[in-house]
Amino acid sequence: MNQAATVRTLQERITQMQPLRLGDDALPTPPELRDLLPGGALRRGSATIVSGSLQLSLALVSAASASGAWCGAIGLPEFGAEAAAELGVALDRFVLVPDPGPHTISIAGTLSEVLTVLILRPSSQVRSQDAERLAARLRDHGAALVVLGQWPKAESTLRVTGSRWGGLGRGHGMLLTHELTVRSDDRRGPRHHTVVFRDGRLSGALPRVGAS
Amino acid sequence: MSERAERVIVLWVPDWPVHAYLSEHEEAGSIAEHLTLALIAQHQVVACSQAARLAGVRTGLREREARSRCPDLEVHPHDPEVDVRRFAPVLAAIEQTIPGVEPLRPGLCAMRARGPARYFGSEEAAAATLIARMVELGFPESRVGIASGRFAAEQATRAFEADPGVDIPSPGVRIVRTEHTAAFLGPLSVARAASLDFADVLARLGIRTLGALAALPEDAVRQRFGSAGIVAHRRARGLGAAHAAEVRLRDPEIELSIDCAFEPPLDGADQLAFACSSSAEAFTRGLIEHGLVCTELRVELTDDIGIRHDRTWAHPSHFTTSDVVNRVRWQAATVPRDPDRGGSGIAEVRLTPIRTAHAASHEPGLWNTAPDERVHHHLSRVQSLVGHEGVGTGELTGGRLTAERQRLVPWGTRAETRRAPRSRVRLRDGPWPGRITGALPNTVFTQELGAELSDALGAPVRPTEDDVLASHPARLSIDGKHLTAAIEAWSAPWPLHERWWAGGRAGYRIQVLLEDGDAWLLRYEHGDSCQPHGPDTGTQDAPGSGRGPSGALDRASRRVSGREAAREIQPTGRWLVEAHYA
């Protein structure tokens with residue numbers, strides 16, 4: 001019995017560690033978000049669609065940014081730097097191109113050569129050949145793309161299906177905790193996850209405090 | 001006694017303030033034998049001409065006493081700044097004869113003797129050349145003293161022919177050989193080497209000459225008089241400075257700025273940048289020749305009718321040629337174009353290094369952060385697409401509103417200048433009461449975006465004077481569009497008062513959470529609180545309300561239109577969207 005339990009825990013640990021071993025192309029990913037992504041990490045050369053939450057996309061970037069990689073955001077004129085810093089994004093290595101105008105894709109292509117993770121909000125419908133070309137450059141230079149909006153060929157799609165805030169009442173309190181229900185669509189099939197932010201930071205445990 | 005001081009040349013122009021005064025006021029005439037002139041500061045004579053000195057006027061004399069000794073004395077106020085300014089070209093001229101000069105004070109400078117003595121053949125020849133140069137400059141009464149150590153050389157310039165140990169090979173030159181130094185310094189008064197108080201103390205102890213001071217054991221002097229005593233003692237013994245170079249040469253001034261003129265004037269930023277590229281190359285090369293790099297650059301663009309646009313650019317590391325060209329291009333692109341004047345363009349470009357650093361401190365290290373170079377290269381490319389301000393990194397600053405707590409720092413702007421105290425950037429370290437805590441919004445609107453809160457009956461919701469909401473908000477519309485989800489929760493209105501003593505911003509902020517989980521941060525901005533009736537009745541302030549006309553103007557501009565003011569009895573104000581929790 002003791003032996004069986006040991007074998008089981010070891011197997012569990014192996015399965016937990018296996019996705020991380022999959023390739024060298026895994027980027028640092030916050031442990032709370034590993035379940036959301038196929039392979040358990042943000043992968044170099046991949047495109048991920050995040051719809052419904054800028055906070056989630058910044059959280060995806062935060063670990064890579066904090067580990068010293070240069071990251072950036074294109075097409076976010078209303079970028080909240082303070083919230084990003086709270087999530088762990090290193091602002092001095094986070095390049096902002098707030099208003100790329102018609103050059104969105106070409107700027108993304110240029111920056112994909114130096115940035116490790118790129119957040120992109122396309123201003124218009126992206127043609128599939130542009131997306132193909134950008135994907136090739138991403139693979140070449142080992143960058144990951146996080147798209148806020150539509151993208152023709154994404155490895156996975158994270159769609160926020162529910163959002164619940166805690167801490168704010170009817171005329172009192174303030175926003176403290178944020179619980180997102182996220183549906184991920186990738187090669188593993190659709191899955192549902194819960195992501196919790198507390199005081200603007202990723203939090204593992206599910207808080208049930210405060211009025212909701 | 002091992003550390004004999006090195007040989008030093010001291011050049012002295014007697015009565016320098018008088019010379020400076022006369023060259024400043026040319027109409028006063030050249031210095032004449034008969035001109036009795038004294039310069040006065042705080043009722044004491046600072047300097048006087050030779051004729052005045054013959055009449056009995058001395059430096060340090062009271063003005064009244066000087067006038068009584070020499071009734072036709074011309075008295076003028078002394079301006080030390082003129083002395084320094086007029087001496088600078090003299091120094092530059094001396095530097096052309098003997099490079100490496102230490103200015104001691106206006107009218108007095110020191111040089112190392114070894115190099116000139118070898119170059120001109122002997123110390124005498126060097127001194128004669130120097131005197132000849134000074135005669136050319138119009139100072140025939142200049143004196144040159146050469147001795148071991150700066151102090152002895154300075155004393156030598158004042159020496160008389162009869163003094164022991166002094167050679168006078170040519171007029172105006174006094175040379176004291178190393179072996180004669182002790183004999184020369186010995187009979188001089190201690191007041192030459194020590195401050196007045198200290199010399200007074202020594203004189204009362206019976207030590208009246210430098211020879212007597214030099215005869216004392218060094219330890220005894222140190223124990224009794226400390227560091228001041230040691231300084232005087234070393235001077236008296238003819239020793240050099242204990243821990244420093246005898247002569248500290250000033251850095252020769254070098255011209256690093258570059259001008260280029262264009263005929264005909266150039267219109268268009270790219271054209272100008274291309275035309276400037278060779279000048280930029282010369283600019284950086286000139287710096288490199290002196291082992292320098294430029295870290296802050298001023299670009300002055302002058303157009304054909306003489307209007308100048310200058311701007312100072314800082315660089316995170318240092319300017320390379322292409323960086324300089326880029327700055328010129330960016331600046332030229334921002335020069336306002338006046339449609340009324342045809343054919344205007346840039347006629348002259350001037351590049352001036354404001355701040356330089358040693359090139360050695362900007363060399364990349366062995367383990368340099370190599371990606372930075374690539375990042376810089378690519379971001380510069382993107383900058384050429386979207387403009388200098390279009391690419392940058394975020395920076396956190398101080399403030400209460402979320403939009404004020406951050407700013408975009410354009411790429412290629414140095415960190416230090418961003419924190420200059422005169423800039424509008426406020427320090428983040430302040431407590432900033434009223435800032436948002438808890439969860440922070442990640443979409444911050446910098447442009448005004450109107451919002452409207454309404455209660456279940458559709459009436460607008462506003463904060464009352466008691467800092468509470470007049471009714472429960474139920475619906476939110478943003479920029480005229482009604483959001484479908486009803487309001488689920490909201491915070492108390494948090495009052496916001498900034499610079500209330502100067503008519504600053506006042507209002508409230510509120511967090512609103514919709515049923516679908518959408519959260520917004522709204523700001524209520526007070527309109528004109530005394531505008532209840534009619535479109536035009538309330539434009540003047542109530543007398544004695546203490547509000548200035550500028551405040552009234554400000555409020556009038558912010559006021560909603562007269563029609564709305566007539567409709568609403570409530571104090572007018574409006575909701576704005578400050579940020580969104582996206």
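**Hairpins, packed helices and the chain contact**

Reader: What makes A:Gly189 noteworthy in the turn of the hairpin formed by S9(A) and S10(A)?

Author: In this predicted model, S9(A) and S10(A) form a hairpin with 5 residues between them. A:Gly189, in the turn, has a positive phi of about 90 degrees.

Reader: How do you know that S9(A) and S10(A) pair, and in which sense?

Author: Two strands count as paired if at least two bridges are found between them. S9(A) and strand S10, residues 191-198 of chain A, have 8 bridges and run in the antiparallel sense, so the criterion is met. At one of these places, A:Ser184 has A:Arg191 in S10(A) as its bridge partner.

Reader: Over how many bridges do S8(A) and S9(A) pair, and what is found in their hairpin?

Author: Strand S8 (residues 156-168) and strand S9 (residues 173-185) of chain A pair over 10 bridges, again in the antiparallel sense. Within this pair, A:Trp165 stands opposite A:His178 in S9(A). The hairpin has 4 residues between the strands, and A:Gly171 takes a positive phi near 95 degrees.

Reader: Why are H4(A) and H5(A) described as they are in terms of their mutual direction?

Author: Two packed helices are described by the angle between their axes and the distance between the axes. For helix H4 (residues 104-111) and helix H5 (residues 128-141) of chain A, the axes come within 9 Å and cross at roughly 10 degrees. Angles under 35 degrees count as roughly parallel; H4(A) and H5(A) are therefore roughly parallel to each other.

Reader: Which residues of H4(A) and H5(A) meet, and how is their contact composed by class?

Author: From H4(A), A:Ile105, A:Ala108 and A:Gly109 meet A:Asp130, A:Leu134 and A:Arg137 of H5(A). By class, this contact has 3 nonpolar, 1 polar and 2 charged residues. The 1 polar residue is A:Gly109, because Gly is counted as polar.

Reader: Which residues have the most contacts inside the largest nonpolar core, and how many residues does the core have?

Author: The largest nonpolar core has 97 residues, and A:Val117, A:Leu118 and A:Val146 have the most contacts inside it. Helix H2 of chain A, residues 54-66, gives the most to this core, with 8 residues. A second, separate core of 64 residues includes B:Val57, B:Cys70, B:Ala156 and B:Ala159.

Reader: Which residues does A:Val146 touch?

Author: Leaving aside residues up to four places away in sequence, A:Val146 touches A:Thr48, A:Val50, A:Ser57, A:Leu60, A:Val61, A:Val117, A:Leu118 and A:Ile119.

Reader: How many residues does the contact take from chain A and from chain B?

Author: Chain A contributes 48 residues and chain B 40 residues. On the side of chain A, H2, helix H3 (81-87), strand S5 (94-97), H4, S8 and S9 each supply at least two residues. By class, that side of chain A has 24 nonpolar, 15 polar and 9 charged residues.

Reader: How do you know that S5(A) and strand S14 of chain B pair?

Author: At least two bridges are required. S5(A) and S14(B), residues 392-396, have 2 bridges in the antiparallel sense, so they count as a pair. Here A:Leu96 stands opposite B:Gly392 in S14(B).

Reader: What share of the residues of chain A and of chain B count as buried?

Author: A residue is buried if 20 or more other C-beta atoms lie within 10 Å of its own. Of the 212 residues of chain A, 45% count as buried; of the 582 residues of chain B, 34% do. Chain A has 5 helices and 11 strands, and chain B has 17 helices and 24 strands.

How values were computed. Residues numbered from 1 in each chain as written. Chains lettered and ligands numbered in written order. Predicted model: local features only at pLDDT ≥ 70, side-chain atom pairs only at ≥ 80, totals over all residues. Core = buried A, V, L, I, M, F, W, Y, C linked by C-beta atoms within 7 Å. Buried ≥ 20, exposed ≤ 12 C-beta atoms within 10 Å, placed from the backbone. Contact = placed C-beta atoms within 7 Å. Axes fitted to C-alpha atoms, helices over the stretch in contact; angles between N-to-C directions. Parallel < 35°, antiparallel > 145°, perpendicular 65-115°, else oblique.
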